[in-house]
Structure formats: C-alpha cells, structure tokens
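Here are my notes on this model, set out point by point. Please read them with the structure open.

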Amino acid sequence: LVGCGFKHAFVVTSSAVLNSAREVLARLEAAGIRCTVHSEINTEPDLRMFNHCLAAARNANPDAVIGLGGGSPMDVAKLVAALAELEARKAELDSQIKAATPDKGAGEDGDDADASDDEPAVDEAQLKAKKKDLEAKVKEVARTVKAIGKGKKANASALNKLDKPTI
C-alpha cells in the first residue's frame, strides 16, 4: 500500500475479526497509513448497514478501501470501493466536460481568452461516452446494493468485475 502511495485506508470488517486484525492495523499505521475502521458488518449486510458504511467512508475520504474478514465485510468493502471510485471518476469527467464545453462568454471567434494554444484539444464526445459507460457501472453497483437490501447474496461475479479491487 505504501508503494502505491496510499496514505489513508478505510477498513471494513466485523467486530469478531477486529481483534485479530489489530496487528495488521498497527503495521499499516507504522508504515504511515492512517486507518479509519468500520467494524459493524457483523451479519449478512442489508441496505441500512451498507448505507451506514458508505456514509462513514465518504466522511473519512480515504484513498484506499480494505476488506478484512469473511464474505459480508468483503462484499461491502468492494461496493464501497467501487462507488467511491465511480463517484471520483464522475466528478473528474464532469470537470473535463465542463472544461471542454465552449464558454458562452467567449470572444466573437469562440476562443476563450485564457485558453492556451499549447493545450491538446479535449474531445467532448469521448468524455461524454466515458461518462455514459461510468453511469452504467454505477447502475450495476446500485443493482447489487438493491439485491443486498432485499436480503439476497451479492453476486460475486458482478462484484469481481468492478474496476477498483478491494485491497
């Protein structure tokens, strides 16, 4: 994790695993990685439990998500990591699309007075296509979350296809 440049990890686990994980957490802290621990995934996750964990992760604003324990903490960690990554990508794409869209207040020739001729042109259509693909991934994660909310097991193959793996 240190070699990847991570500085703050959000750790999803259960209270039963937390005592066993203390050495791992101590090693992470000793390596300079601050850990925010969410140890409330003690049963098969439901929608309330997932939303509580997601809110805690958003509040912590980590740059890595770690799942420790059995299937439930791992499933929740994967979903939290995927949504955090997708939300960050969406914000980045929104910013790039905004930057690529001609400013209504530009000069008569349509050029932005602040734009540099040295900057490569950004293809707005490509950015919008990436955003559409990203939105489809968000919907896939949302379907998995809804399945959890209905008491169904998370689809392991769908979770494994998510772009950002849980470390």
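What percentage of the residues of the protein count as buried?

1. Burial overall. The model is predicted, and the remarks below should be read with that in mind. Of the 167 residues, 34% count as buried. The protein exposes about 10400 Å². Carbon and sulfur atoms supply 51% of that area.

2. Fold order. There are 5 helices and 3 strands. Read from the N terminus, the elements run β-α-β-α-β-α-α-α. Contacts across the sequence deserve a remark here. Take the contacts with a separation of 6 or more: 80% of them join residues 24 or more positions apart.

3. Cysteines. How many disulfides does the structure hold? The count is 0. Two cysteines can be set side by side on accessibility. C4 has 61% relative accessibility, and it counts as exposed because that value is over 50%. C35 has 14%, so it falls under the 20% limit and counts as buried.

4. Strand β3 and its surroundings. I66 sits in strand β3. Is I66 buried or exposed? Its relative accessibility is 8%, so I66 counts as buried. C35 comes back into view here. I66 and C35 are 31 residues apart in sequence, yet their C-alpha atoms are 9.5 Å apart in space. Both residues of this pair count as buried, I66 at 8% and C35 at 14%.

5. The loop after β2. E40 lies in the loop between β2 (34-38) and α2. With 41% relative accessibility, E40 counts as partly exposed, because the value lies between 20% and 50%. Which residues does E40 touch, leaving out those up to four places away in sequence? They are T13, M49 and H52. A separate C-alpha distance links E40 to A16: the two are 24 residues apart along the chain and separated by 9.5 Å.

6. The second largest pocket. About 230 Å³ of space lies in this pocket. It is lined by 14 residues, and the closest to its centre are A57, N61, P62, A84 and E85. Which elements give two or more residues to the lining? They are α2 (47-60), β3 (64-67) and α3 (71-100). Helix α3 gives the most, with 5 residues. By type, the lining divides into 8 nonpolar, 1 polar and 5 charged residues.

7. N61, backbone and exposure. This residue merits a look of its own. N61 is among the residues closest to the centre of the second largest pocket. It is found in the loop between α2 and β3. What is unusual about its phi, given that most residues other than glycine have a negative one? N61 has a positive phi of about 55 degrees although it is not a glycine. Its side of the accessibility scale is clear too: N61 has a relative accessible area of 61%, so it is exposed.

8. Helix α3 and A99. A99 is placed in helix α3, the element that gives the most residues to the lining of the second largest pocket. At 68% relative accessibility, which is over 50%, A99 therefore counts as exposed. Its C-alpha atom is separated from that of E124 by 9.0 Å, with the two positions 25 residues apart along the chain count.

Conventions. Residues are numbered from 1 along each chain as its sequence is written. This is a predicted model: local features need pLDDT of at least 70, side-chain atom pairs count only at pLDDT 80 or more; totals for chains, interfaces and linings use all residues. Side-chain values use heavy atoms; hydrogens and water are left out. On a 1 Å grid over the protein atoms alone, a cavity is a set of points where a 1.4 Å probe fits but cannot get out, and a pocket is an open set with protein on both sides within 12 Å along at least five of seven lines; lining residues have an atom within 4 Å of a point. Grid points are joined across faces, edges and corners, and a volume is the space filled by probe spheres set on the points. Helices (H or I, at least four residues) and strands (E, at least two) are DSSP runs, numbered from the N terminus. Ala, Val, Leu, Ile, Met, Phe, Trp, Tyr, Cys and Pro count as nonpolar, Asp, Glu, Lys and Arg as charged, and the others, Gly among them, as polar. Buried means under 20% relative accessible area, exposed over 50%, partly exposed in between (1.4 Å probe, protein chains only). Contact means heavy atoms within 4.5 Å. Accessible areas come from the Shrake-Rupley method with a 1.4 Å probe; for residues, only the protein chains shown count as cover. A disulfide is a pair of cysteine sulfur atoms within 2.5 Å.
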